[in-house]
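Work through the exercises below with the structure open beside you. Try each task before you read its solution.

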Amino acid sequence: MSSEPKFIFKGEADLTSLWEIIKALRGEKGCPWDKKQTPETLKKYLLEETYELLSAISDGHKEELKEEFGDLLFIVLFLLYIYQEKNIFTLKEVVYLTYQKMIRRHPHVFGEAIASSAEEVLSQWQKIKKEEGKGSSILGNIPKIMPALQRAYRLGERAARINFDWPSPKEVVEKLKEELSELESALTLEESKENLELEIGDLLFTVANLSRKLEINPEEALHKALDKFEKRFKDMEELLKKDGLSLGELPMEVLDRYWEKIKENEKNS
């Protein structure tokens, strides 16, 4: 005979319910795997759940979104519980700190200040951070672990706050041509891998800034391009298989013809 579940929600579940679940998992009679976890071991899951939520936001499916929000929320609460368990800080302290910070940094909502545009809000936000001793550089502290393309976008965005920027996308395109020319020159001169790496980096950074000037997130744009490439490649594989051809044995000329055929099919579908 199966025993009744220890936790049965009577009414709506809330954050307290999740906190009690985590407490049980970490307790004396809890789950061996959960009891073994540390902030370091949970970092990879935090990153994974964040990306899964971002993917769900892009897809826009309601049920998937709810599930991914829940998974990320659970990992965040789990981490907070571990820190509270070690008497480093409590959940209440984290909530109170954030509560105070949000009020302090929105004086146009909770105080007498006036900010009528998003740009004015950002300027005010930077000023308040500086007063807090956290804004010594306009670039802030963008995490180096962030995906490089997104980090490039954010760095360019922050530098632009003091007008360290190109006037329009046209000038960035010219800079892009210049960087491409430098890369071509480095290839012609057969420069070292380290120099080529620097040139590639400059090129990608310029692309990220061009995206920003066009108000396009380069990370999202690249994801869409990768999805498109993956779909086309798999469609090409299926078409080759249908025609009795083996992918690994064909010259580029043949593959290119099939690739163009897939693109044409997309236009006609």
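## Exercise 1: Charges across the chain

**Task.** Find how far apart the mean positions of the positive and negative charges of the chain are.

**Solution.** This is a predicted model.
- Step 1: Count the charges. The chain has 42 positive and 52 negative charges.
- Step 2: Take the mean position of each set. The two mean positions are 5 Å apart.
- Step 3: Look for pairs. A search of the whole structure finds 15 salt bridges.

## Exercise 2: Overall build

**Task.** Describe the fold in outline: how many helices and strands are in the chain?

**Solution.**
- Step 1: Count the elements. The chain has twelve helices and zero strands. Its pattern along the sequence reads α-α-α-α-α-α-α-α-α-α-α-α.
- Step 2: Check the extent. The radius of gyration is 26 Å, whereas a compact globule of 269 residues would have one near 18 Å. Along the principal axes, the C-alpha atoms fill a box of roughly 65 × 60 × 40 Å.
- Step 3: Look at burial and surface. Of the 269 residues, 22% count as buried. The accessible surface comes to about 20000 Å², and carbon and sulfur atoms hold 57% of that.
- Step 4: Look at contacts. Take those between residues at least 6 apart in sequence: 49% of them join residues at least 24 apart.

## Exercise 3: Salt bridges within a helix

**Task.** Glu-40 forms a salt bridge with Lys-43. How are these two residues placed in helix α3? Then treat two further pairs in the same manner.

**Solution.**
- Step 1: Start with Glu-40 and Lys-43. Their closest N and O atoms are 3.2 Å apart. The cut-off for a salt bridge is 4 Å, so the pair passes. Both residues sit in helix α3 (residues 39-59), three residues apart, which means about one helical turn separates them. Glu-40 is exposed at 56% relative accessibility. Lys-43 is partly exposed at 48%.
- Step 2: Go to Glu-157 and Arg-154. Their side chains meet in a salt bridge, with 2.1 Å from N to O. They are three residues apart in helix α8 (residues 148-159), about one helical turn. Glu-157 is partly exposed at 27% relative accessibility. Arg-154 is also partly exposed, at 24%.
- Step 3: Finish with Lys-263 and Glu-260. Their salt bridge spans 3.7 Å, N to O. Helix α12 (residues 252-268) holds both, three residues apart and thus separated by about one helical turn. Lys-263 is partly exposed at 27%. Glu-260 is partly exposed at 39%.
- Step 4: Look beyond pairs. Arg-104, Arg-105 and Glu-132 are joined into one network by salt bridges that share partners.

## Exercise 4: A charge without a bridge

**Task.** Locate Glu-199. Is Glu-199 buried or exposed? Which side chain of opposite charge is nearest?

**Solution.**
- Step 1: Place the residue. Glu-199 belongs to helix α10 (residues 193-213).
- Step 2: Check its cover. Glu-199 is buried.
- Step 3: Look for a partner. The nearest side chain of opposite charge is Lys-175, 8.7 Å away, and Glu-199 has no salt bridge. The cut-off is 4 Å, so Lys-175 does not qualify.
- Step 4: List the contacts. Setting aside neighbours within four places in sequence, Glu-199 is in contact with Glu-179, Glu-182, Leu-183 and Ala-186.

## Exercise 5: Positive phi angles

**Task.** What is the phi of Asn-87, and what is the phi of Asn-163? Where does each residue lie?

**Solution.**
- Step 1: Recall the background. Most residues other than glycine have a negative phi.
- Step 2: Read Asn-87. Its phi is positive, about 60°, although Asn-87 is not a glycine. Asn-87 lies in the loop between α4 (62-85) and α5 (91-104). With a relative accessible area of 70%, Asn-87 is exposed.
- Step 3: Read Asn-163. Its phi is near 65°, again a positive value in a residue other than glycine. The loop between α8 and α9 (169-188) holds Asn-163. At 68% relative accessible area, Asn-163 is exposed.

## Exercise 6: A loop leucine

**Task.** Which residues does Leu-245 touch, not counting residues up to four places away in sequence?

**Solution.**
- Step 1: Place Leu-245. It is in the loop between α11 (218-242) and α12. It is partly exposed, at 32% relative accessibility.
- Step 2: List its contacts. Leu-245 touches Leu-240, Leu-250 and Tyr-258.
- Step 3: Take a distance. Leu-245 and Val-172 are 73 residues apart along the chain, and their C-alpha atoms are separated by 44 Å.

Note on methods
Residues numbered from 1 in each chain as written. Predicted model: local features only at pLDDT ≥ 70, side-chain atom pairs only at ≥ 80, totals over all residues. Heavy atoms only, no water. Helix = DSSP H or I, 4+ residues; strand = E, 2+ residues; numbered from the N terminus. Rg over C-alpha atoms; globule rule 2.2 N^0.38 Å. Buried < 20%, exposed > 50% of the residue type's maximum accessible area, 1.4 Å probe, protein only. Contact = heavy atoms within 4.5 Å. Areas by Shrake-Rupley, 256 points an atom, 1.4 Å probe, with all protein chains shown as cover. Lys, Arg positive; Asp, Glu negative; His and termini not counted. Charge placed at Lys NZ, Arg CZ, Asp CG, Glu CD.
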